[in-house]
Amino acid sequence: MNKRRMPFIVFEGLDGSGLTTQASRLHEWLSSKGYEVFLTKEPTDGLIGSLIRSALRRELIIDPDTLALLFAADRTLHTKEISKLLNEGVIVISDRYRLSSFAFQSIEVELEWIRKINEKALTPDLTFIIDTPPLICLRRIQKQRFHMELYEEVDKLERIREVYHRLAEEERGVFLIDGNRPENVVSSDIFTILRDSGLLEGLE
Ligand code: TMP
């Protein structure tokens with residue numbers, strides 16, 4: 001078994017940005033090259049993740065601070081699972097991680113406190129923020145489903161996008177990828193960045 005800690009790669013972006021598609025495409029690409037890869041997502045489908053989903057659908061009404069804590073608690077449990085896999089020689093790709101909390105929750109809750117309650121989260125080796133204009137995201141979401149969730153209004157999405165842009169400048173290993181292009185072109189940029197990062201060297 002490979003004893004080196006394996007790469008932890010995260011996809012971020014607005015709902016409808018294409019982040020889930022890109023996470024799956026990377027999963028497929030790495031698997032086809034023979035790597036052992038696990039694709040996971042947040043909110044998780046555990047107990048806390050289910051509570052969060054009820055809040056996102058507005059079935060459960062909770063205040064923004066409590067929602068931020070629920071996301072952090074869901075992430076704490078998820079992080080244990082991710083760390084175990086990374087130590088066992090598996091590359092982990094997560095569809096959303098702590099930058100989602102920084103970007104989404106910070107439109108209503110102080111960012112410093114969100115950072116604090118997420119202190120125990122891992123620092124991913126690479127994060128790809130799929131950057132797609134909010135109006136295009138909303139058009140895509142409306143085609144896929146009838147109900148709208150908590151963070152799916154254009155002005156909120158604009159504010160969340162601004163935070164993502166700031167985070168891309170401030171945080172190490174975070175890449176802003178133009179998501180308003182054909183899926184395969186976006187993927188090709190992502191594969192190139194990962195190849196050039198050196199993270200895959202010596203893992204075959
Ligand atoms: P998704 O399952 O379609 O990605 O939707 C999850 C929603 O939850 C999406 O609107 C982003 C939001 N979210 C947060 O607000 N904070 C977080 O920490 C995470 C992981 C997701």
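1. How far does a polar side-chain atom of Asp15 lie from an oxygen atom of the ligand? In this model, which is predicted, the separation is 2.8 Å. A polar side-chain atom of Arg75 likewise lies 2.8 Å from a ligand oxygen atom, and for a polar side-chain atom of Arg53 the corresponding distance to an oxygen atom of the ligand is 3.2 Å. Considered alone, the ligand exposes 480 Å², of which the protein buries 92%.

2. The ligand occupies the space of the largest pocket. Three elements each give two or more residues to the shell around the ligand, namely helix 2 (47-56), helix 3 (64-87) and helix 4 (98-105), and helix 4 gives the most, with 4 residues.

3. In total, 14 residues surround the ligand, and the closest are Asp15, Arg75, Arg96, Ser101 and Gln105. Sorted by class, this shell has 6 charged residues, 5 nonpolar residues and 3 polar residues.

4. Arg96, one of the closest residues to the ligand, deserves a separate look at its backbone. The residue lies in the loop between strand 3 (91-95) and helix 4, and its phi is positive, at about 80°, although Arg96 is not a glycine. Arg96 counts as buried because its relative accessible area is 11%, under the 20% cut-off.

5. The side chain of Arg96 is joined to that of Ser100 by a polar contact of 3.0 Å. Ser100 is found in helix 4, and with a relative accessible area of 7% Ser100 is buried as well.

6. Two further backbone features may be checked in the loops. Arg58, placed in the loop between helix 2 and helix 3, has a phi near 65°, which is a positive value in a residue other than glycine; with a relative accessible area of 38%, Arg58 is partly exposed. A cis peptide bond, with omega at about -5°, joins Glu42 and Pro43, and Pro43 lies in the loop between strand 2 (37-41) and helix 2.

7. Is Glu108 buried or partly exposed? Its relative accessibility of 46% makes Glu108 partly exposed, and the residue is found in the loop between helix 4 and helix 5 (111-117). Glu108 and Arg166 are 58 residues apart in sequence, while their C-alpha atoms are 17 Å apart in space.

Conventions. Residues are numbered from 1 along each chain as its sequence is written. This is a predicted model: local features need pLDDT of at least 70, side-chain atom pairs count only at pLDDT 80 or more; totals for chains, interfaces and linings use all residues. Side-chain values use heavy atoms; hydrogens and water are left out. A residue is near a molecule or strand if one of its heavy atoms lies within 4 Å of it. A polar contact is a pair of N or O atoms within 3.5 Å; within protein, one must be able to donate a hydrogen and the other to accept it, and residues adjacent in sequence count only if both atoms are side-chain atoms. Accessible areas come from the Shrake-Rupley method with a 1.4 Å probe; for residues, only the protein chains shown count as cover. On a 1 Å grid over the protein atoms alone, a cavity is a set of points where a 1.4 Å probe fits but cannot get out, and a pocket is an open set with protein on both sides within 12 Å along at least five of seven lines; lining residues have an atom within 4 Å of a point. A molecule sits in a cavity or pocket if more than half of its atoms lie within 2 Å of its grid points. Ala, Val, Leu, Ile, Met, Phe, Trp, Tyr, Cys and Pro count as nonpolar, Asp, Glu, Lys and Arg as charged, and the others, Gly among them, as polar. Buried means under 20% relative accessible area, exposed over 50%, partly exposed in between (1.4 Å probe, protein chains only).
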